[in-house]
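Student: I have a protein model here and would like to understand the reasoning behind its labels. Could we go through it together?

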Amino acid sequence: MRGSQPHGPDATAARGTRVHVVSDVHGNTEALARAGDGADALVCLGDLVLFLDYADHSRGIFPDLFGEANADRIVELRTARRFEEARAFGRALWAGRDRDAAILGAVRKQYAELFAAMPTPTYATYGNVDVPALWPEYAGHGTTVLDGERVEIGGRVFGFVGGGLRTPMNTPYEIGDEEYAAKVEALGPVDVLCSHIPPEVPELTYDTVARRFERGSRALLDAIHRTRPKYALFGHVHQPLVRRMRIAATECVNVGHFAATGRPWVLEW
């Protein structure tokens, strides 16, 4: 993905390694196509799908199906944490429609465009709004999908944990705490711990715009204390109270809401 570079066995050592990291892509295909420019690899921490843009209620699968006014209403209810009312409102909108078929078709369309935009090589894991069963159909030869697995990039070991924990939002890829913890445990010690959701730390899980705590993982926090990775990278919380903090020897970084910024976070060594 880099431009003209030195060649030979010592080239990588001479110039080092540069990795770009993105999360919460939410349909920003144009920026994703540029996200690997100048890097040796792109790391994507999930949430490719855009179901509903909380900043622009005209964008996403939901407003495409039901219109912006109904999107305004569902966001209002969810932001107020009136989840039962939001679910009832959604059920009324879906009455008489084939919900699964409509969503699946829209997700497939987004995945076809997003995976085609991913540079080579890309290392990716799932977000909580993603549909893992569909990824093998769209991930090309240059994209490696990892979940509870490790890979070496430029001499450093990266471990990946995808998905989110269960919430009242009931997004597509939420799993139980024990299942999530088993994936974290399977990684063992790594240099860079990559996940979609943050460790369970209040400053890292609070969204200042949504005005609520998102779910973070206690298992990730325990792994940070136990194995002391150099970095813990994640997304999920779009407007966090704190984007970066140190926990013991580990630099914890929310790599940013890529759908809004279009800018990857850069890791060099």
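Tutor: Gladly; we will talk about cysteines and then about a pocket, keeping in mind that this is a predicted model.

Student: Why is C44 called buried?

Tutor: Buried means under 20% relative accessible area. C44 has a relative accessible area of 1%, so C44 is buried.

Student: And what makes C194 buried or exposed?

Tutor: Its relative accessible area is 0%. The cut-off for buried is under 20%, so C194 is buried.

Student: How do you know that C44 and C194 are in no disulfide with each other?

Tutor: A disulfide needs two cysteine sulfur atoms within 2.5 Å. The sulfur of C194 is 11 Å from the closest cysteine sulfur, in C44, so the two are too far apart for a bond. For the structure, the count of disulfides is zero.

Student: Now the second largest pocket. What is its volume, and which residues are closest to its centre?

Tutor: The volume is about 220 Å³. Of the 13 lining residues, G60, I61, D64, A106 and Q110 are the closest to the centre.

Student: Which helix supplies the largest share of that lining?

Tutor: Helix 6, with five residues. Helix 6 spans 99-117, and both it and helix 3 (61-66) supply at least two residues of the lining.

Student: How does the lining of the second largest pocket divide into nonpolar, polar and charged residues?

Tutor: Five are nonpolar, four are polar and four are charged. Gly counts as polar, so G60, one of the residues closest to the centre, belongs with the polar ones.

Conventions. Residues are numbered from 1 along each chain as its sequence is written. This is a predicted model: local features need pLDDT of at least 70, side-chain atom pairs count only at pLDDT 80 or more; totals for chains, interfaces and linings use all residues. Side-chain values use heavy atoms; hydrogens and water are left out. On a 1 Å grid over the protein atoms alone, a cavity is a set of points where a 1.4 Å probe fits but cannot get out, and a pocket is an open set with protein on both sides within 12 Å along at least five of seven lines; lining residues have an atom within 4 Å of a point. Grid points are joined across faces, edges and corners, and a volume is the space filled by probe spheres set on the points. Helices (H or I, at least four residues) and strands (E, at least two) are DSSP runs, numbered from the N terminus. Buried means under 20% relative accessible area, exposed over 50%, partly exposed in between (1.4 Å probe, protein chains only).
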